[in-house]
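Got your viewer open? Here's a walk through the model, one selection at a time.

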Amino acid sequence: MNAADPKIIVALDYQQAEPALAFADRVNPALCRLKVGKELFTAAGPQLVEKLVAKGFDVFLDLKFHDIPNTVAQAVRSAARLGVWMVNVHASGGSKMMRAARDAIDGEANRPLLIAVTVLTSMSGEDLAELGMPEPAVQVPLLARLALDCDMDGVVCSAQEASVLKKLCGADFKLVTPGIRPAGSAAGDQSRIMTPEAAVAAGADYLVIGRPITQSDDPLATLQAIQAGLAAL
Ligand SMILES: O=c1ccn([C@@H]2O[C@H](COP(=O)(O)O)[C@@H](O)[C@H]2O)c(=O)[nH]1
């Protein structure tokens, strides 16, 4: 982990390696962490992850593993060997799956933070009802508690749930919050959103921000402005 401990994780949701590397060349590891998700990883693969790690960035490999325990265990071990700082699984994969993931990386030389996704920030209460599930205010704490009991290092949740989860799971349990939208920026497909300042005030440890930065006219200036807003809190 880098000493500056930046809260902002920029989601590098690009279709190829070049713009992701170009973005990385304009920022530095003290300013932000970087997230490689399904879009970029499918296009550019582990080599791109290794390049970002070699540049000194803390990399969150956001592949949200959700499979049988053995498969997820092997996948998170492979992620650890890429040198990533954080990796995640779906809490709804269940306790056996999460424990297998935990065991798989505990003996590794690089032991990334192991985080469980609760309910995707794109999902509303209506979306969950369609699946026969309770509203986020019920389902997110239930899955977060399960993740804590399985020795996960934290969860992905909306910042809207952060204050409840900090009380429920404790100060050390990391809250990683996508669905961050600076005032005035488009929600897009995100449902449970919050501004960067409100998210930090609610207890979010890390803010995952993609399009508001990467699709802005000047991504570096936008990132710096968000960072300045947080520094002023
Ligand atoms: O619940 C979740 C889990 C992951 N994500 C990911 O975060 C970024 C958000 O990007 P924006 O452009 O800021 O919406 C994206 O890579 C998602 O895959 C999430 O949004 N919600």
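Start with everything selected: buried residues make up 41% of the 233 residues in this protein. Keep in mind as you go that the model is predicted.

**The whole chain**

Stay zoomed out for a moment. With 233 residues, a compact globule would have a radius of gyration near 17 Å, and this protein agrees because its own value is 17 Å. Along the principal axes, the C-alpha atoms fill a box of roughly 40 × 40 × 30 Å. Switch to cartoon and you should find 10 helices and 8 strands. If you draw a contact map, look away from the diagonal: of the contacts with a separation of 6 or more, 69% join residues 24 or more positions apart.

Next, select residues 7-226. An unreviewed UniProt entry annotates this range as "domain: Orotidine 5'-phosphate decarboxylase". The span is 45% helix and 17% strand, and its end C-alpha atoms lie 11 Å apart.

**Around the ligand**

Now pick the ligand and bring up its surroundings. Its shell holds 17 residues, and the closest are Ala-11, Thr-121, Pro-178, Gly-210 and Arg-211. Which elements give two or more residues to this shell? They are strand 8 (206-209) and helix 9 (211-214). Color the shell by class and you get 8 nonpolar, 6 polar and 3 charged residues.

While you are at helix 9, click on Pro-212, which sits in that helix. Pro-212 counts as buried because it has 21 C-beta neighbours inside 10 Å, against a cut-off of 20 or more. Leaving out anything within four places in sequence, the contacts of Pro-212 are Arg-181, Pro-182, Ser-185 and Thr-222.

**The annotated active site**

Select Asp-62, Lys-64 and Asp-67 together: the unreviewed UniProt entry lists these three under "active site". Take the two aspartates one by one.

Asp-62 belongs to strand 3 (residues 59-65). Is Asp-62 buried or exposed? With 26 C-beta neighbours inside 10 Å, Asp-62 counts as buried. Beyond its neighbours within four places in sequence, show Lys-35, Val-36, Gly-37 and Asn-88, since Asp-62 is in contact with these.

Asp-67 is in the loop between strand 3 and helix 3 (69-81). Here the count is 14 other C-beta atoms within 10 Å, so Asp-67 is partly exposed.

**Down the axis of helix 7**

Select helix 7, residues 162-169, and highlight its buried residues: Ala-162, Leu-165 and Cys-169. Turn the view until you look down the helix axis. The buried residues of helix 7 fall within an arc of 65 degrees, so they line one face of the helix. What do they pack against? Show helix 6 (136-149), strand 6 (154-156), strand 7 (174-177) and helix 8 (196-202), which are the partners of those buried residues. Just past the end of helix 7, stop at Gly-170, where phi is positive at about 95 degrees.

**Out to Arg-111**

Go back to Pro-212 and draw a distance to Arg-111. These two are 101 residues apart in sequence, and their C-alpha atoms are 30 Å apart in space. Arg-111 is in the loop between helix 4 (95-106) and strand 5 (113-117). Arg-111 is exposed because only 11 other C-beta atoms lie within 10 Å, where 12 or fewer is the cut-off. Not counting residues up to four places away in sequence, Arg-111 touches Ala-80, Ile-105 and Asp-106. Draw one more distance, from Arg-111 to Met-152: that pair is 41 residues apart in sequence and 12 Å apart, C-alpha to C-alpha.

**Two backbone oddities**

Open a Ramachandran plot for the last stop. Most residues other than glycine have a negative phi. Asp-151 is not a glycine, yet its phi is positive at about 65 degrees. You'll find Asp-151 in the loop between helix 6 and strand 6. Asp-151 counts as partly exposed because it has 13 C-beta neighbours inside 10 Å.

Finish with Asp-5, in the segment before strand 1 (8-11). Asp-5 also has a positive phi, near 50 degrees, and is not a glycine. With 11 C-beta neighbours inside 10 Å, Asp-5 counts as exposed.

Notes:
Residues are numbered from 1 along each chain as its sequence is written. This is a predicted model: local features need pLDDT of at least 70, side-chain atom pairs count only at pLDDT 80 or more; totals for chains, interfaces and linings use all residues. A residue is near a molecule or strand if its C-beta atom, placed from the backbone, lies within 6 Å of it. Helices (H or I, at least four residues) and strands (E, at least two) are DSSP runs, numbered from the N terminus. Ala, Val, Leu, Ile, Met, Phe, Trp, Tyr, Cys and Pro count as nonpolar, Asp, Glu, Lys and Arg as charged, and the others, Gly among them, as polar. UniProt positions are given in the numbering used here, feature names are shortened, and annotations may be inferred rather than shown by experiment. The radius of gyration is taken over C-alpha atoms; the globule rule is 2.2 Å times the number of residues to the power 0.38. Two residues are in contact if their C-beta atoms, placed from the backbone, lie within 7 Å. The arc is that of the directions from the helix axis to the C-beta atoms.
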